[in-house]
Amino acid sequence: MGNILITASHFRTLCQKAIHLLESNGHQVILNDHELPYYSFEELAVWAPEIDGAIIGMDQWNEQVFQIAPKLKILARFGVGVDNIDLEAAKRHGVQVVNAAGMNANAVAELAVAMILNCLRGIPELNRKLTDGQWSRAVGRDLLGKTVGLLGFGDIGGRVAKKLSGFEVRLLAYDPYPNREKAAALGVTLTDLDTVLTQSDILSIHMPSIPATRHVMNRETFAKMKPDSYFINTARGALVDTQALVDAVAGGHLAGAAVDVYEQEPLPMGAPILHTPGIQCIPHAGAETRETYSNISMMTAQAVIDSLSGKEPKNWLNP
């Protein structure tokens, strides 16, 4: 029935059920065998004229791409954020855009909690020293009794709060559209941005990347953070002024940070953030679990099938 381009990574190895679902509905699957979920414009241009649908990673889908994809009817984002897709351009070209809202929330929330613990106990650094031959113990900090602030209290922020509740922490959250019922159920105090910044021992950000949130964490907001606190970002790179974060840690105002997402991806190997003691960096791996791949692949495959058969796909973002 249709040619379906997959630019999301690991589809061949982790998403066989989704491939079977697409093929059993008469679609031909074109797989990305790269390790990373990125196609350049030149790579997209090879397939764009022939595809009817695509399940995509972090490649850029804009007017330039849509102009050379006349048959394209559906883009399914293998994840939640769609800042790599021009939704209005897609709509002008008759392309439905869907995402996998909620499907990676647990994996990202678990990673945020892991990053908090890594920061407090210095686990990566202890491992590095030991593998380098140094029996060098270090004094860390308990999570018990700390104040954890959440910037953004949607699905992922709420899951982080739930997972942290067993650690006996004080939970604060700022969200411009607060869910007071959920906050009360999870023991979270909803408050203003400045209160979260100034009172949190650990600050974890879970906001969407939109124009209004670009660089919400900047020199001014980092300066307001509690001295000797930690910053965690598993959300989006555009939320953070990267150099301001580097300076806040290198200058000693913050005790450290853990970062999964960046303003530029893939991150250049010479980027200062990679070489700043106290900042732990991983390569946008928040959703990288087998369970998440299985769930998202099935949801996006079904969305493609529904769209190309004339049905309304789930999570349609640009009607």
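Which residues touch the most other members of the largest nonpolar core? In this predicted model, that core has 28 residues, and the ones with the most contacts to fellow members are Met217, Phe222, Phe231, Leu245 and Ile273. Several elements feed into the core: helix H10 (193–199), strand S9 (202–205), helix H12 (242–250) and strand S11 (254–259) each contribute at least two residues. The top contributor is H12, which supplies five.

Met217 is a good place to begin a tour of this region. Setting aside residues up to four places away in sequence, Met217 touches Leu151, Leu197, Leu203, Ile205, Phe222, Met225, Phe231, Leu239, Val240 and Asp241. Phe222 and Phe231 appear both in that list and among the core residues that touch the most other members.

**What the record says**

Two domain features come from UniProt, both from an unreviewed entry. The record places "domain: D-isomer specific 2-hydroxyacid dehydrogenase catalytic" at residues 12–318. Over that stretch the chain is 37% helix and 15% strand, with 29 Å between the end C-alpha atoms. The record also places "domain: D-isomer specific 2-hydroxyacid dehydrogenase NAD-binding" at residues 113–286. Here the make-up is 33% helix and 18% strand, and the end C-alpha atoms lie 11 Å apart.

**Helix H6**

Helix H6 covers residues 105–121, 17 residues in total, and spans 25 Å from its first C-alpha to its last, close to the 24 Å expected at 1.5 Å a residue. Which residues of H6 are buried? They are Ala105, Ala107, Val108, Ala109, Leu111, Ala112, Val113, Met115, Ile116, Cys119 and Leu120. Just past the end of H6 comes Gly122, whose phi is positive at about 65 degrees.

**Aromatic rings**

Now for the rings. The model contains four aromatic pairs. Among them is Phe11 with Phe78: the ring centres are 5.9 Å apart and the planes meet at 70 degrees, so this pair is edge-to-face, the cut-off for that class being over 60 degrees. The partners are 67 residues apart, with Phe11 in helix H1 (residues 11–14) and Phe78 in the loop between strand S4 (74–77) and helix H5 (87–92), so the pair links distant parts of the chain.

Phe78 also pairs with Tyr293. Their centres are 5.3 Å apart and their planes are at 45 degrees, so this pair is tilted. Again distant parts of the chain are linked, since Tyr293 belongs to helix H13 (residues 290–308) and is 215 residues away from Phe78. Together, ring pairs join Phe11, Phe78 and Tyr293 into a cluster.

Are Phe11 and Phe78 buried or exposed? Both are buried. Phe78 has a relative accessible area of 11%, so it falls under the 20% limit for a buried residue. Tyr293, at 3%, is buried as well.

A ring of another kind of interest is that of Phe153: the charged end of Lys182 sits over this ring, 4.8 Å from its centre.

**Backbone details**

Some backbone angles are worth a look on screen. The table gathers three of them.

| Residue or bond | Angle | Location |
|---|---|---|
| Glu265 to Pro266 | cis, omega near -5 degrees | Pro266: loop between S11 and strand S12 (279–281) |
| His215 | phi near 55 degrees | loop between S9 and helix H11 (219–224) |
| His284 | phi about 50 degrees | loop between S12 and H13 |

Both histidines have a positive phi without being glycine. His284 is partly exposed, with 22% relative accessibility.

**Two more residues to visit**

Trp135 lies in the loop between helix H7 (123–131) and strand S6 (147–151). Is Trp135 buried or exposed? With a relative accessible area of 73%, Trp135 is exposed, because the limit for that class is over 50%. From Trp135 to Gln243, 108 residues apart along the chain, the C-alpha separation is 33 Å.

Leu87 sits in helix H5 and counts as partly exposed, at 25% relative accessibility. Which residues does Leu87 touch, leaving out those up to four places away in sequence? Its contacts are Val82, Val97 and Asn318. Leu87 and Val98 are eleven residues apart in sequence, with 10.0 Å between their C-alpha atoms.

Definitions and conventions
Residues numbered from 1 in each chain as written. Predicted model: local features only at pLDDT ≥ 70, side-chain atom pairs only at ≥ 80, totals over all residues. Heavy atoms only, no water. Helix = DSSP H or I, 4+ residues; strand = E, 2+ residues; numbered from the N terminus. Expected span 1.5 Å × (residues − 1). Buried < 20%, exposed > 50% of the residue type's maximum accessible area, 1.4 Å probe, protein only. UniProt positions renumbered as here; feature names shortened; annotations may be inferred. Phe/Tyr/Trp six-rings, centres within 6.5 Å; stacked < 30°, edge-to-face > 60°. Lys NZ or Arg CZ within 6 Å of the ring centre and 35° of its normal. Core = buried A, V, L, I, M, F, W, Y, C linked by side-chain atoms within 4.5 Å. Contact = heavy atoms within 4.5 Å.
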